[in-house]
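Here are some short exercises to work through with the model open beside you. Try each task before you read its solution.

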Amino acid sequence: MRRFENKVVVVTGASRGQGAELAKRFLQEGASVCLSANEDRVFETAKELSSLGKTLPIKMDVTKKAEVEAMYDKVAKELGEVDISIQNAGVGRVSTLDKVTTQDWDLVLAVNTTGVFYCCQVAALRMLAAKKPGLLINTASAQARHGFIYSPHYAASKFAVVGLTQSLAKELAKTGITVNAYCPGIVATEMWEYNDREWGRLLGNYKPGELMQEWIDNIPMGRAGTGTDVANLVTFLASDQAEYITGQTINIDGGMEMN
């Protein structure tokens, strides 16, 4: 029997990158998966993965609580009550202090922190009402360990995810709901293409790919992470083998951060 047979999984930010890889792995391991994202591409991704299992694509905005509630309502009606909710939706911005706009600040905090909270809140309350155990897994970042230059809004949003994870884990510990987070380092995704371009420009006019390669060369294991690496950790945290783990934030970065 596959590990997540008869389980219902929600993955936000699942139209591309790590989110799409997570959805794929849970489908391969038997789960029914809701893929959500704030773009039409989520329907294409769900279609591409539909041969692996039952998918439910939903276009929604995690910063709007009514849309979050509607998503979990639809999941319950079409797949069943959620068992595992993975808060992966995120945005990043790179800019010098004088260029950080109120709009960018608000957007990054709204998606990366408030959106995580809304999904955790709504999912947990549904799990409690259904009297079933569940798992909440939140995407943090290496920037939840130390803030990188030129990204104070992103660093603040990801540090906040760690605090949110710990607080909810303590409150829910006796209910059968666990809450954990993970910190990816450098993973080859479209977001990292943006990071390479913008940080490279601000740090010294690097050519495309040069800055990312320099950072990868400084990773103790000598390579960037992959979606498979991330999925290996997240599916472990979602499995029965991790039932005694809660309130933890685990690095998955080849040794880039060791705290």
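**Exercise 1.** Decide whether Phe148 is buried or exposed in this predicted model, and find its aromatic partner in helix α7.

*Solution.* Start with accessibility. Phe148 has a relative accessibility of 18%. Since the cut-off for buried is under 20%, Phe148 counts as buried.

Next, look at the rings. Phe148 pairs with Trp215, with 6.2 Å from centre to centre and 75 degrees between the planes. Planes over 60 degrees apart count as edge-to-face, and that is the class of this pair.

Now place the two partners. Phe148 sits in the loop between β5 and α5, while Trp215 belongs to helix α7 (residues 210–217), so their pairing ties together parts that are 67 residues apart in sequence.

Finally, widen the view: Phe148, Trp192, Trp199 and Trp215 make up one aromatic cluster.

**Exercise 2.** Classify the ring pair of Phe117 and Tyr118.

*Solution.* The count of aromatic pairs comes to seven. For Phe117 and Tyr118, the ring centres are 6.4 Å apart and the planes are at 50 degrees, so this pair is tilted. As for accessibility, Phe117 is partly exposed, with a relative accessible area of 32%.

**Exercise 3.** Which residues of helix α2 are buried, and why do they line one face?

*Solution.* First list the buried residues of α2 (residues 41–49): Val42, Thr45, Ala46 and Leu49. Then look down the helix axis. The buried residues of α2 fall within an arc of 100 degrees, so they line one face of the helix.

Turn to the other side of α2, where Glu44, Lys47 and Glu48 are exposed. To finish, ask what covers the buried residues of α2: the cover includes α1 (17–28), β2 (32–37) and β3 (55–59).

**Exercise 4.** Describe the largest pocket by its volume, its lining and the classes of its lining residues.

*Solution.* Begin with the volume, which is about 1100 Å³ for the largest pocket. Its lining has 45 residues, and Ala89, Gly90, Val91, Gly92 and Met191 lie nearest the centre.

Then trace the elements. At least two residues of the lining come from each of α1, β2, α4 (102–129), α5 and α6 (190–204). Helix α6 gives the most, with six residues.

Last, sort by class: the lining of the largest pocket has 20 nonpolar, 18 polar and seven charged residues.

**Exercise 5.** Do the same for the second largest pocket.

*Solution.* The second largest pocket holds about 410 Å³ of space. Among the 20 residues lining this pocket, Pro133, Leu135, Ser239, Asp240 and Glu243 are the closest to its centre. The elements giving two or more residues to this lining are β5 (134–139) and β6 (177–184). By class, the lining of the second largest pocket divides into nine nonpolar, six polar and five charged residues.

**Exercise 6.** Set the sequence separation of Phe236 and Arg3 beside their distance in space.

*Solution.* Locate Phe236 in helix α8 (residues 227–237). Phe236 and Arg3 are 233 residues apart in sequence, with 9.8 Å between their C-alpha atoms.

Now check for contact. Apart from neighbours within four places in sequence, Phe236 is in contact with Arg3, Gln241, Ala242 and Ile245. With a relative accessible area of 31%, Phe236 is partly exposed.

Key: Residues are numbered from 1 along each chain as its sequence is written. This is a predicted model: local features need pLDDT of at least 70, side-chain atom pairs count only at pLDDT 80 or more; totals for chains, interfaces and linings use all residues. Side-chain values use heavy atoms; hydrogens and water are left out. Buried means under 20% relative accessible area, exposed over 50%, partly exposed in between (1.4 Å probe, protein chains only). Helices (H or I, at least four residues) and strands (E, at least two) are DSSP runs, numbered from the N terminus. The arc is that of the directions from the helix axis to the C-beta atoms. Contact means heavy atoms within 4.5 Å. On a 1 Å grid over the protein atoms alone, a cavity is a set of points where a 1.4 Å probe fits but cannot get out, and a pocket is an open set with protein on both sides within 12 Å along at least five of seven lines; lining residues have an atom within 4 Å of a point. Grid points are joined across faces, edges and corners, and a volume is the space filled by probe spheres set on the points. Ala, Val, Leu, Ile, Met, Phe, Trp, Tyr, Cys and Pro count as nonpolar, Asp, Glu, Lys and Arg as charged, and the others, Gly among them, as polar. Rings of Phe, Tyr and Trp (its six-membered ring) pair if their centres lie within 6.5 Å; planes under 30 degrees apart count as stacked, over 60 as edge-to-face and the rest as tilted.
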